[in-house]
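Let's take a walk through this one together, stopping at a few spots worth a closer look. Keep the viewer open as you read.

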Amino acid sequence: MSTGRLTIDLAAIAENWRALDARSAATVETAATVKADGYGLGIGPVARALHAAGARSFFVAVAEEGAALREAVGPNPRIFVYGGHMPGDTDMIGDLGLIPLLNSIEQMTRHFEALPGAPFGIQLDSDMNRLGMEAGEWLAVRDLTMRQGPQLIMSHLACADEPDRPMNRRQLDKFREMTRGLGVPLSIAATGGTLLGPDYHFDMTRPGIGLYGGMPFADAAAVVRLSLPVIQVRDVEKGEPVGYGNTWWADKPTRLATVAAGYADGIHRALSNKAVMYHGTVPCPVVGRVSMDLITVDISGLDGDPQALDLLSTMQTVDDVADNAGTIGYEILTSLGPRYTRRYTGLSAS
Ligand SMILES: *Cc1c(COP(=O)(O)O)cnc(C)c1O
């Protein structure tokens, strides 16, 4: 093994989907958000596992992501596109049967003119001020839009991972007001909203991060293990420096392992002198700077020399690593680089 090995447990992803599905009533559809290559884990295997678990609607960020997804799940599942219908997307949307979530009058005009009768959904902005039509705009086109029969009307919560924020209830009220009496399936909940409770479930939830074992789904099954090969081991004396900029100095004789991974593989440079890797259950601190392709680790606490060290395992989640790097689990997952060998376990027979 010369590159890091990323092991992805598809059975755990399926288990997380079922656990989130169980949080809402049987009448509520649980979709799956698989944008950014299935949060960095590989959209094909991830989507096939979710489809086998029972997911029938999927969400991607941009139309391009729909191609590999369509290939993975076949012709029947619905594929919604959060970015809507952008210039140049018409052929892809038509050919792949994607459902754009139209977010402006401009997008509506483009879609209705280019693909008359093709399915679509609507994205409303409930004061996150990121994407979607605002109340006034929506009011102006609502009746015309309803005659075209949208498949879904959705919005997105800005603070759903913090249940106590009054913003959650404010957005809920706003979304209800904008959609009252329309008789179209509605959705506002991602992972955080799914956990906020039934008021937020409407007709469909569309979790992403929780499927992949990340917060705010604290009860998630662990999905990823990242094991990094050791390419050299050495002893340094008290008073010797390690790595770029000499940011770490040995204060006692220390045994060091150098592993073959770095910030080009998504192990953020902010983890220099901060991260911890594991050999089994034994923590081994990262010492010195994280380089592009190499990281130095203090293995003085181990009995022998390891062949590999784990950055992600049951000992340390993406959120633990994220806390150390000053970011969120989403960014750690989606940064996992293309050099890793991806191995899938828990594959179902289908
Ligand atoms: C990414 C995204 C989701 C999924 O969010 P998670 O927090 O990963 O569950 C849902 N809706 C929208 C609009 C998104 O951009």
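If you search the whole structure for cavities of 30 Å³ or more, you find one. Keep in mind as you look that this is a predicted model. How do you spot a hole like that in the first place? Rolling a probe the size of a water molecule over the atoms shows where empty space is left. Here the largest cavity holds about 40 Å³ of space.

Who lines that cavity? Its walls are made by Leu226, Gly266, Ile267, His268, Leu271, Leu311, Leu312, Val321, Ile332 and Leu336. Sort that lining by character and you get eight nonpolar residues, two polar ones and no charged ones.

Now move over to the ligand. It has 14 residues around it, and the closest are Lys35, Tyr39, Thr191, Ile209 and Tyr330. Zoom in on tyrosine 39 and you'll see a polar atom of its side chain 2.5 Å from an oxygen atom of the ligand. Threonine 191 also uses its side chain: an N or O atom there is 2.6 Å from a ligand oxygen. Glycine 208 joins in through its backbone, with an N or O atom 2.8 Å from an oxygen atom of the ligand. How much of the ligand does the protein cover? On its own, the ligand has 390 Å² of accessible area, and the protein covers 91% of that.

Next, let's turn to the backbone. Most residues other than glycine have a negative phi, and most peptide bonds are trans. With that in mind, hop to the loop between strand E7 (121-123) and helix H7 (135-148), where aspartate 127 is found. Phi of aspartate 127 is near 85 degrees, a positive value in a residue that isn't glycine. Is aspartate 127 buried or exposed? Its relative accessibility is 38%, so aspartate 127 counts as partly exposed.

Asparagine 129 sits in the loop between E7 and H7 too. Asparagine 129 isn't a glycine either, yet its phi is positive, at about 60 degrees. As for its surroundings, asparagine 129 has a relative accessible area of 57%, and since exposed means over 50%, asparagine 129 counts as exposed.

One last stop: the peptide bond between methionine 215 and proline 216. That bond is cis, with omega at about 20 degrees. To find the spot, look in the loop between strand E10 (204-205) and strand E11 (224-236), which is where proline 216 lies.

Technical notes:
Residues are numbered from 1 along each chain as its sequence is written. This is a predicted model: local features need pLDDT of at least 70, side-chain atom pairs count only at pLDDT 80 or more; totals for chains, interfaces and linings use all residues. Side-chain values use heavy atoms; hydrogens and water are left out. Helices (H or I, at least four residues) and strands (E, at least two) are DSSP runs, numbered from the N terminus. Buried means under 20% relative accessible area, exposed over 50%, partly exposed in between (1.4 Å probe, protein chains only). On a 1 Å grid over the protein atoms alone, a cavity is a set of points where a 1.4 Å probe fits but cannot get out, and a pocket is an open set with protein on both sides within 12 Å along at least five of seven lines; lining residues have an atom within 4 Å of a point. Grid points are joined across faces, edges and corners, and a volume is the space filled by probe spheres set on the points. Ala, Val, Leu, Ile, Met, Phe, Trp, Tyr, Cys and Pro count as nonpolar, Asp, Glu, Lys and Arg as charged, and the others, Gly among them, as polar. A residue is near a molecule or strand if one of its heavy atoms lies within 4 Å of it. A polar contact is a pair of N or O atoms within 3.5 Å; within protein, one must be able to donate a hydrogen and the other to accept it, and residues adjacent in sequence count only if both atoms are side-chain atoms. Accessible areas come from the Shrake-Rupley method with a 1.4 Å probe; for residues, only the protein chains shown count as cover.
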